[in-house]
Amino acid sequence: MNIREELIDLDTAVNQVSGGINAIAAMSRGLDRADDPYADGFYFLTDRLIQAAQSLRKQTDRCLRAM
């Protein structure tokens, strides 16, 4: 496999991770509505994961454009 194919595979993985983060965000909102004491922790986790995914997405896009 060449580097472009590897980056395309990485792009697919980034999209899958983003989908998982969206699921955690939805769960956080549900916990908040239920007044669950763990809601704040899930919101914290969701925020950090979103930041990491956005950074990963930017870097992956830069690499793909450089090819």
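## Aspartate 32 and its surroundings

Aspartate 32 is a residue of helix H1 in this predicted model. Its relative accessibility is 39%, so aspartate 32 counts as partly exposed. When residues up to four places away in sequence are set aside, aspartate 32 touches Ala39 and Tyr43. One of these partners, Ala39, belongs to the buried residues of helix H2.

Aspartate 32 also illustrates how distance along the chain relates to distance in space. Methionine 1 is 31 residues away from aspartate 32 along the chain, and the C-alpha atoms of the two residues are separated by 45 Å.

## Helix H1

How far apart are the end C-alpha atoms of H1? They are 45 Å apart, and this agrees with expectation, because 31 residues at 1.5 Å a residue should span 45 Å. At the N-terminal end, asparagine 2 acts as a cap on H1: one of its side-chain oxygens lies 3.0 Å from the backbone nitrogen of arginine 4.

The buried residues of H1 are Leu7, Asp11, Val14, Ile21, Ala25, Ser28 and Leu31. What covers these buried residues includes H2. Valine 17 is likewise located in H1, but valine 17 counts as partly exposed because its relative accessibility is 45%. The C-alpha atom of valine 17 is separated by 25 Å from that of aspartate 36, and the two residues are 19 apart along the chain.

## The loop between the helices

Aspartate 35 is found in the loop between H1 and H2. Is this residue buried or exposed? With a relative accessibility of 67%, aspartate 35 counts as exposed, because the cut-off for that class is over 50%.

The backbone of this residue also deserves attention. Most residues other than glycine have a negative phi. Aspartate 35, which follows H1, has a positive phi of about 55° although it is not a glycine.

## Helix H2

Helix H2 covers residues 39-66 and has 28 residues. From its first C-alpha to its last, H2 reaches 40 Å, close to the 40 Å expected at 1.5 Å a residue.

Which residues of H2 are buried? They are Ala39, Thr46, Ala53, Thr60 and Leu64. These buried residues pack against helix H1, which runs over residues 3-33.

## How the two helices pack

H1 and H2 pack with their axes 9 Å apart and at an angle of about 160°. That angle makes H1 roughly antiparallel to H2, because angles over 145 degrees are placed in this class. The crossing of the two helices H1 and H2 is left-handed.

The burial pattern can be read alongside this arrangement. The buried residues of H2 pack against H1, and H2 is included in what covers the buried residues of H1.

## A polar contact between serine 28 and threonine 46

Serine 28 lies in helix H1, and threonine 46 has its place in helix H2. The side chains of these two residues make a polar contact with each other, at 3.1 Å.

Why does serine 28 count as buried? The relative accessible area of serine 28 is 0%, and a residue is buried if this value is under 20%. Threonine 46 is also buried, because its relative accessible area is 4% and the cut-off is under 20%.

The contacts of the pair can be described from each side. Leaving aside neighbours within four places in sequence, serine 28 is in contact with Ala39, Phe42, Tyr43 and Thr46. Threonine 46, with residues up to four places away in sequence not counted, touches Ile24, Ala25 and Ser28. Among these partners of threonine 46, Ala25 and Ser28 are listed with the buried residues of H1. Ala39 and Tyr43, which are in contact with serine 28, are also touched by aspartate 32.

Notes:
Residues are numbered from 1 along each chain as its sequence is written. This is a predicted model: local features need pLDDT of at least 70, side-chain atom pairs count only at pLDDT 80 or more; totals for chains, interfaces and linings use all residues. Side-chain values use heavy atoms; hydrogens and water are left out. Helices (H or I, at least four residues) and strands (E, at least two) are DSSP runs, numbered from the N terminus. The expected span of a helix is 1.5 Å times one less than its number of residues. Buried means under 20% relative accessible area, exposed over 50%, partly exposed in between (1.4 Å probe, protein chains only). Contact means heavy atoms within 4.5 Å. A polar contact is a pair of N or O atoms within 3.5 Å; within protein, one must be able to donate a hydrogen and the other to accept it, and residues adjacent in sequence count only if both atoms are side-chain atoms. Axes are lines fitted to C-alpha atoms, for helices over the stretch in contact, and angles run from 0 to 180 degrees between N-to-C directions. Angles under 35 degrees count as roughly parallel, over 145 as roughly antiparallel, 65 to 115 as roughly perpendicular and the rest as oblique. A crossing is left-handed if the near helix is turned anticlockwise from the far one by less than a right angle, and right-handed if clockwise.
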